[in-house]
Amino acid sequence: MANTETTFCATCDVALAFTGLSENFFGALSTVLIDGMIDVFIAVACLWLSVSGLKILLGRTDFATVGRELFFVILAGALLYANKGGLALEYYKYAIGAITAAAKTVLIAAQNVSNQNWLLNIPDEYSDAASLVYAAERGLFKVLDVAWELWKSFSVGNMTGPLTAVLIIIPWMLLIVVYFAQVTVTLFRVGVIAGLAPWILLGVGFNWSKSMVWQGIKSLIAAGMVLYGATMAIGICL
């Protein structure tokens, strides 16, 4: 079983590499897009300033409303400029850390019920999302141990042992693949929201765009709930 464990640990390494590469990717993407986003922001701010000036002249708005909108424009601009220093990447790391910590509570409950230490002795390099995949694969090793014992029980009078071994391995392997896909989707959704954080903040100051703010918050909550639900499925199986 040692060789089997080494083989399936490759998925853990893939999860670890993907987590690290996702951080590097979103950091690089933020750096590439930041100049264009700043240009678009300046254009939007100038358009807003022109429209607000016309509204004041026509008596359609007051200085208090314009001042409140100006506050969020300045705040969003400062946040957008701060992304040059990697602020969006820090948002991404904090959000992933919080979502992963919530998902780990499911595995803690699973190990309390099964008296197994799924989260014990996880290598330091497996952190955040990679640690969840690592714990799921530790459960796979337990299944492989049982399957191996069933496979060895093959005899003329026991023809169903190998078949049973295969039937218990296949669902768990499919579950691992699906779980890794859910982790990938969560990382992507959080990365997009983190990159668009300045625009979401800008939308707070305007009545017509407040719905987009709530959509962004709902998307972030949905990303956490998807990972939490997928981890709950893993926890039940564990």
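**Entry: α2 and α6**

I began with the pair α2 and α6 in this predicted model, and I found that their axes come within 8 Å and cross at roughly 175°. An angle over 145 degrees counts as roughly antiparallel, and α2 and α6 are therefore roughly antiparallel to each other. I then looked up which residues make the contact: on the α2 side I noted Arg-68, Phe-72, Val-73, Leu-75, Ala-76, Leu-79 and Leu-80, and these meet Ala-197, Pro-198, Leu-201, Leu-202 and Val-204 in α6. Sorted by class, the residues of this contact of α2 with α6 come out as 11 nonpolar, no polar and one charged.

**Entry: α5 and α6**

Next I turned to α5, which covers residues 160-195, and asked at what angle α5 and α6 pack. The angle is about 55°, and the axes of the two helices are 4 Å apart. That makes α5 oblique to α6. In the contact I listed Ile-193, Ala-194 and Gly-195 from α5, which meet Ala-197, Pro-198 and Ile-200 from α6. The class count for the contact of α5 with α6 is five nonpolar, one polar and no charged. I also noted that Ala-197 and Pro-198 of α6 appear in the contact with α2 and again in the contact with α5.

**Entry: the chain as a whole**

I stepped back to the overall layout and counted seven helices and zero strands in the chain, so that, by the way helices are assigned, the pattern read along the sequence is α-α-α-α-α-α-α. Of the 238 residues in the chain, 35% are buried. I also looked at contacts between residues at least 6 apart in sequence, and among these 76% join residues at least 24 apart.

**Entry: the largest pocket**

I then went to the open spaces and recorded about 440 Å³ for the largest pocket. Which residues lie nearest its centre? They are Val-44, Trp-48, Glu-69, Phe-206 and Trp-208, out of 23 residues that line the largest pocket. I checked which helices contribute to the lining, and α1 (2-58), α2 (63-82) and α6 (197-204) each supply at least two residues. The largest share comes from α1, with eight residues. By class, I wrote down 13 nonpolar, seven polar and three charged residues for the lining of the largest pocket.

**Entry: the cavities**

The count of cavities of 30 Å³ or more comes to two. I looked up the second largest cavity, which holds about 30 Å³ of space, and I found it lined by Ile-96, Ile-99, Thr-100, Ala-129, Val-183, Thr-186, Leu-187 and Leu-227. Two helices, α3 (87-114) and α5, each supply at least two residues of this lining. Its residues divide into six nonpolar, two polar and no charged.

**Entry: Phe-63**

Last, I returned to α2 for one residue, Phe-63, which lies in that helix. Is Phe-63 buried or exposed? Its relative accessible area is 66%, and because a value over 50% counts as exposed, I entered Phe-63 as exposed. I also looked up its separation from Ser-52, which lies 11 residues away along the chain, and the C-alpha atoms of Phe-63 and Ser-52 are separated by 9.3 Å.

Definitions and conventions. Residues are numbered from 1 along each chain as its sequence is written. This is a predicted model: local features need pLDDT of at least 70, side-chain atom pairs count only at pLDDT 80 or more; totals for chains, interfaces and linings use all residues. Side-chain values use heavy atoms; hydrogens and water are left out. On a 1 Å grid over the protein atoms alone, a cavity is a set of points where a 1.4 Å probe fits but cannot get out, and a pocket is an open set with protein on both sides within 12 Å along at least five of seven lines; lining residues have an atom within 4 Å of a point. Grid points are joined across faces, edges and corners, and a volume is the space filled by probe spheres set on the points. Ala, Val, Leu, Ile, Met, Phe, Trp, Tyr, Cys and Pro count as nonpolar, Asp, Glu, Lys and Arg as charged, and the others, Gly among them, as polar. Axes are lines fitted to C-alpha atoms, for helices over the stretch in contact, and angles run from 0 to 180 degrees between N-to-C directions. Angles under 35 degrees count as roughly parallel, over 145 as roughly antiparallel, 65 to 115 as roughly perpendicular and the rest as oblique. Contact means heavy atoms within 4.5 Å. Buried means under 20% relative accessible area, exposed over 50%, partly exposed in between (1.4 Å probe, protein chains only).
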